[in-house]
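Visitor: I have a structure open and would like to learn how to read its pockets and its ligand site. Could you walk me through them?

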Amino acid sequence: MERILLGPGPSLTPPSVQAAMVRPPLGHMDPDLMPILEETAVLLRRVFQTANEVAFPLSGTGTAGMEACLVNTLARGDRIIVAASGFFAQRIAEIAGRLGADVAVVEAPWGQAVDPADVVRALRARPVKVVAAAHVETSTGVLQPLRELAAAVREHGALMLVDAVASLGGVELAVDAWGIDVCYSGSQKCLSAPPGMAPLTANEPARARSREGAVPSFYMDLELIWRYWAPPHAYHHTVSVPLVFAMHEALRLVAAEGLPARWARHATNASAFASGIEAMGLRLFAPRAVRSPTVITVVVPEGVDEARVRQRLLAEYGIEIAGGLGPLRGKIWRIGLMGHSSQDRLVLLLLAALEAVLAAEGAPVDRGAGMAAASRVLAASSAA
Ligand code: PLP
């Protein structure tokens, strides 16, 4: 059965992005490819809202972006504070530890945002090189507010590193205006390109180690990679040209829609879905004040077999959603309404399918209420 991808990534890819991938290939050093590389950088700067020179999609998935940002900014023994309240921020801490950094994790319970005041206390304790946070923590559906945090980090002379894997292109993110020094994302979420690239940007202070030739990784050295993406287009490694075509097309679609319209679409569809879930009698996991419009988490009702519901959605409707990670395994569902998967008709389809499956599993759902509530939100937003 054809799959409808409504998990926390990958999202559906628009037809023109799929078509871009099967274009006749070019070699990675072909002169005809160079304008596409340069245009991709221009389009990425717009999405990141930055004037940084360095902006390119790194070869590799979101985790490669994470590792690249860390290896380019941290030396052995440097102190990093990771603001963590979920699986992916913990991964940042894990990688930083493997790189020999002195890692301090400032935690909040899973399902809450980290309080910037807690990070400030840790910043005051001793000199810190980098503070890292996940903008959208995909394991919980929490949107971490960044402005205040980034301002405090800058005041203390540290670099602000942001994981925007599940936020870039789906919810407001302003790299320069918020004072973010280095930021990475993933191609397969709100940008709706296939998995395999990690859009990344870094400002001058974040490039310092790379400029000094002090980065221990050759493959992830920002300066070396940037010399391929920008003139002189010097060979560094063989980029996947089909992925570059797809990324370029995905970014062109983002530019054509416009960022504010795109954020509004994500916000409306998430709000319609959330209303539908609550009208059905289910509970959302992330509190409203910090709820992400890209990844939405739903509490599995008492007595319902979480995995069985997912299996039935896939087998009977072709709809993919995900379960919880770590301590939330079996307790929540994670739904992604990202990029091309953030569509009003898919919100209604998922609510209808979920209602039907839950009813068949004997859960007490208020049938029809979810779609009705979601439809009201969608109608109100299109009338506005
Ligand atoms: N960071 C966040 C917030 C994520 O959601 C993910 C993947 O879901 C990653 C990092 C890792 O990305 P990837 O699986 O593409 O390596």
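Visitor: Which helix gives the most to the lining of the largest pocket?

Guide: Helix 3 does, with 3 residues. Helices here are DSSP runs (H or I, at least four residues), numbered from the N terminus. A pocket is found on a 1 Å grid over the protein atoms alone: it is an open set of points with protein on both sides within 12 Å along at least five of seven lines, and lining residues have an atom within 4 Å of a point. This is a predicted model, where local features need pLDDT of at least 70 and side-chain atom pairs pLDDT 80 or more, while totals for chains, interfaces and linings use all residues. Residues are numbered from 1 along each chain as its sequence is written, and side-chain values use heavy atoms, leaving out hydrogens and water.

Visitor: How much space lies in the largest pocket, and which residues are closest to its centre?

Guide: A volume is the space filled by probe spheres set on the grid points, which are joined across faces, edges and corners. For the largest pocket that comes to about 250 Å³. Of its 16 lining residues, Phe88, Arg91, Val165, Gln188 and Lys189 are the closest to the centre. Helix 4 (87–98), like helix 3, supplies at least two residues of the lining.

Visitor: What takes up the space of the largest pocket?

Guide: The ligand does. A molecule sits in a pocket if more than half of its atoms lie within 2 Å of the pocket's grid points.

Visitor: Which residues surround the ligand?

Guide: A residue is near a molecule if one of its heavy atoms lies within 4 Å of it. Around the ligand we find, among them, Thr61, Gly62, Met66, Phe88 and Asp163. Helix 3 (residues 62–73) provides the largest share of this shell, 3 residues.

Visitor: Which side chains make polar contacts with the ligand?

Guide: Look for a pair of N or O atoms within 3.5 Å. A polar side-chain atom of Asp163 is 2.6 Å from a ligand nitrogen. Side-chain N or O atoms also approach ligand oxygen atoms, at 2.8 Å for Gln188 and 2.5 Å for Lys189. On its own the ligand has 390 Å² of accessible area, and the protein covers 87% of it (Shrake-Rupley method, 1.4 Å probe).

Visitor: How many cavities of 30 Å³ or more are there?

Guide: A cavity is a set of points where a 1.4 Å probe fits but cannot get out. The count is 1. The largest cavity has a volume of about 60 Å³, and its lining includes Ala83, Ser85, His135 and Glu137.

Conventions
Polar contact = N/O pair within 3.5 Å; in protein donor to acceptor, adjacent residues only side chain to side chain.
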